[in-house]
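Let's work through a few exercises together. Each one sets a task and then solves it step by step.

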Amino acid sequence: MTHSPFDPDLFADRHIGPRGHETSAMLAELGYADLDALVDAAVPASIREREPLDLPAARSEAEVLDDLRQIAAKNQVKRQMIGLGYYPTLTPPVIRRNVLESPAWYTAYTPYQPEISQGRLEALLNFQQVVEDLTGLAIAGASLLDEATAVAEAVALMWRASRAKQGYVVLDAELFGQSLAVTQGRAEAVGLPVVVLSLEDGLDAGIAAFEADGGTLPPGRLVGVVVQQAGASGRVLDTRGVVAEAKERGALVTMATDLLALTMLVSPGELGADIAVGSAQRFGVPLFYGGPHAAFMAVRKGLERQLPGRLVGVSVDADGAVAYRLALATREQHIRRERATSNICTAQALLAIVASMYAVYHGPDGLRAIGERVHGRAVALAGGLRAAGTEVEHGAFFDTVRVAVPGRAAAVGAAAVEAGYNLYVADSDHVQIACDETTTEADVVALLGLFGAAPADAAEGVGLDDALLRGTEYLQHPVFHQHRSETAMLRYLRSLSDKDLALDRTMIPLGSCTMKLNATAEMEPISWPGFADLHPYVPADQAQGYAELIGTLERQLAEITGYAAVSVQPNAGSQGELAGLLAIRAFHASRGEEVRDLVLIPASAHGTNAASAALAGLRVVVVATADDGEIELDDLHAKLAQHGDHVAGIMITYPSTHGVYEEHVREVCAAVHDAGGQVYIDGANLNALVGLARPGRFGGDVSHLNLHKTFCIPHGGGGPGVGPVAVAEHLVPFLPGDPAPSGTAAGGDAAAGGVPPVSAAPHGSAGILPISYAYLALMGPDGLTAATENAVLTANYVASRLRGHYPVLYAGANGLVAHECILDLRRLTAETGVTVDDVAKRLVDFGFHAPTMAFPVPGTLMVEPTESEDLAELDRFVEAMIAIRGEIDAVAAGRWSVEDSPLRNAPHTASSLLGAAWERPYSREDGAYPVASLRRGKYWPPVRRIDQAHGDRNLQCSCPPIDAYAEPLGEN
Ligand SMILES: Cc1ncc(COP(=O)(O)O)c(C=O)c1O
């Protein structure tokens, strides 16, 4: 019997695209005998590690899924009634399977290329509309990272908008504990004074009480107030008084709120708030042990240019048809850097889409019915308790009942757990019970039983006064009325995803983004109840499975990066950067070196680096880059000498954003260390290092990693992400603190090492960590190293094939790149007028997502093929780029003008090619099928090139009326 060399159980062979003969063919193109030889030539010996990663050997998909099932079984799933911003919800199965679990949605990239992203842009616009309608404010963004960071962003926004030099912000003592912890930490880092007050009796009364208690207000004026509706204790306040008093003092008002409550309550906009923030989690997104969830922010007109994060706007395409795009602040970090409004890059797009579809599916009446049912359960609970003589603290509440049980709170909490319910034990005298969409009448009976009570006939004197009840309509747009049957919903979802290009259709060769396989086996566990249905603040004994999974993952990431410890708390790379920089600051402060207040950042760094430095309260000094793309050592030494004791550290990316392994990285690190600074190595490019080199060993003190790049968490159309922070031994005490509110079993140690939390949940977006855990378990040490080697191989193969057509901007030793390459179009643009935009849009006609445009060098395209693409797909891309070069040559030769070339007219929609008249200097066929293989399968973009400037000039960030979709007639 003969044996096939192919092992069907070896997952690495499924994850890595090229087959053996394809690897040989690519190596032959590059002139190397084997992968080892290529990697030896590409990776500088000074950083190369030969020691294998100390990780368990690879296991099969079946074995890893079995392991994860056992881990999930160690988590105990109770009825979660802790509340505090996290509520069980029923994800409609049609949305769970066709969005959350659908690669067409989860493998998409952030919609920077709007022509191939119309489906997800429409879904995100729906999200904005939901938030705008329910909050009663004019403009909402397309998601923030979590509610706590959204509150912190709102505080920063109020400061920016006020232009105040001196002053303070008042935070409602009824804000969720995690929002207070994160916001106070963020405000302190940048020196913005905040004061926590009770607003129960109004703002003026709160300030008076604060002062009467010996508190001193910071100097300057009141800049803003954040009030929570409903508050952490469940109380619903008539906030009109607070708002009026705040306005009287010239302050802005932010309302932290709950979308489901707003189906019944007067909206923040009607109450006079300027800003509303909150979490959209309970619109169909599982608890996920804390995340990922989409937070939201909405603002009144006039503040839209201050909004952090991404905003979807309406524009038109080249034929005047309605088209969506990211508006205003998109990628502003790359332009404004440390002056950017925020450091948020990856946000929570996928979860915002789930929440938006929940609203589309239920419509306004469905949402209202759910809201009323939830409120009704809370009223029934309160009524039964009152009838039994138990004190219910608030008369006005939405879903949360606060019960006075003097001296017995812990015992009641424990009895509830015994009965299968997690309540919030707020202090020794109070418990809180938060009702949600899943709470049944039987639950109410069981819960009342814990207090020796029974349902009462009428619930007198509890609930909501008329003054608090909403009279205005919401979700009147047709989209919230047209897809209410499952058939209609299914087709709507399919029609949207059909408009988009995601990894399930094509390679997404985005430099600095690592769009690789997100394997089905890695994805499956995230929706299992054992992972999806845990509240982030459950007692530790109920989350043993998560403790094991997170502990293992953190240890394995520490092993891979060469650091002492890792925290998975940051829920995006940007937040990992902030956590790392806060650790550096706290470290210096612990040694009495607070004077170290600036960070050196190369000009080529990702924009979030500089924006995060500003958020950490550090000044930014730019270090020059030499012609070969490496950090200019002379300039580094000069800057270190010039700034001396002020240098807190340097932030470098390795391999650099230029896609090369810099030879001198150890020298750079040593020079900064000699000057007393710390070295931050941005690990977003770790896909070029895993198994080959470890930043913690070649000079880094701290790094963040993007699990949504190297470790297979899918990009979700712009999030979720996970950005763990990894630190050397001396920085371990300065890892992020615990945000869990005191009283919850999870924590209460907001700033253990003096460093505040950076996320609302102790383990950030814990619910998607099984993905990276599974990836590591499936690949094992050899598979992970092979993945890196293949990523280097495919990037060098593409660089080699295209070098003759487009100059490759930077190369390291032996003319090799790392895991990505930069194609330089600047000379071609100067000679022909064809821009990177033209090339990017023409690639759409070939069915490709464009490479990264104009980063880190304007006028270039950065290509990162990753290890998951096989040779056929790489060649399809190479051939497309060569064909495009032929079209550029045709412009140069005068065959057609650039304005009327297939490049400038790209992308071509079917209707633009099928009009009665055709007057272009190229054929319709050349427009549609620039290479013959496209005739066998073609992606048709739904819109032509989108007018970016028009969208910003005529800013519209809500759903256009249905008649706006009518095709302009007779023009094609
Ligand atoms: C080099 C680099 N650093 C930091 C980031 C920020 O990561 P995130 O988008 O998760 O905030 C990115 C994101 O693309 C990046 O490429």
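**Exercise 1.** Take the two faces of β18 and find out whether they are buried or exposed.

Solution. Start with one side: Gln678, Tyr680 and Asp682 are all buried. Now flip to the other: Val679, Ile681 and Gly683 are buried too, so both faces are covered. Here "buried" means 20 or more other C-beta atoms within 10 Å of a residue's own, "exposed" means 12 or fewer, and "partly exposed" is in between, with C-beta atoms placed from the backbone. The strand spans residues 678-683, and six of its six residues are buried. As for the names, helices (H or I, at least four residues) and strands (E, at least two) are DSSP runs, numbered from the N terminus.

Before going on, a word on the model: it is predicted, so local features need pLDDT of at least 70 and side-chain atom pairs count only at pLDDT 80 or more, while totals for chains, interfaces and linings use all residues. Residues are numbered from 1 along each chain as its sequence is written.

**Exercise 2.** Work out which strands pair with β18, and in what sense.

Solution. Two strands pair if DSSP finds at least two bridges between them.
- Step one: β17 (residues 647-653) runs parallel to β18, and five bridges join them. Met651 is the residue opposite Tyr680.
- Step two: β19 also pairs with β18 in the parallel sense, over four bridges. There, Asp682 has His704 as its bridge partner.
- Step three: look at the connection. β17, helix α24 (residues 665-674) and β18 form a right-handed β-α-β unit. Right-handed means that, with the strands pointing away from the viewer, the path from the first strand over the helix to the second runs clockwise.

**Exercise 3.** Find Lys709 and describe its surroundings.

Solution. Look in the loop between β19 (702-705) and β20 (725-727). Lys709 is buried because it has 26 C-beta neighbours inside 10 Å. Leaving out residues up to four places away in sequence, it touches Cys513, Thr514, Ala684 and Asn687; contact means C-beta atoms, placed from the backbone, within 7 Å. An unreviewed UniProt entry places "modified residue: N6-(pyridoxal phosphate)lysine" at Lys709. UniProt positions follow the numbering used here, feature names are shortened, and annotations may be inferred rather than shown by experiment.

**Exercise 4.** Two residues other than glycine, Ser143 and Thr866, have positive phi. Say where each sits and whether it is buried or exposed.

Solution. First, Ser143, with phi near 115 degrees, is in the loop between β2 (139-140) and α8 (147-162). It counts as buried because 33 C-beta neighbours lie inside 10 Å. Next, Thr866 has phi near 70 degrees and lies in the loop between β23 and α28 (871-892). With 27 C-beta neighbours inside 10 Å, Thr866 is buried as well.

**Exercise 5.** Place the cis peptide bonds Gly291 to Pro292 and Phe855 to Pro856.

Solution. For Gly291 to Pro292, omega is near 10 degrees, and Pro292 is in the loop between β7 (275-279) and β8 (295-299). For Phe855 and Pro856, omega is about 0 degrees; Pro856 belongs to the loop between β22 (852-853) and β23 (860-863).

Methods:
Contact = placed C-beta atoms within 7 Å.
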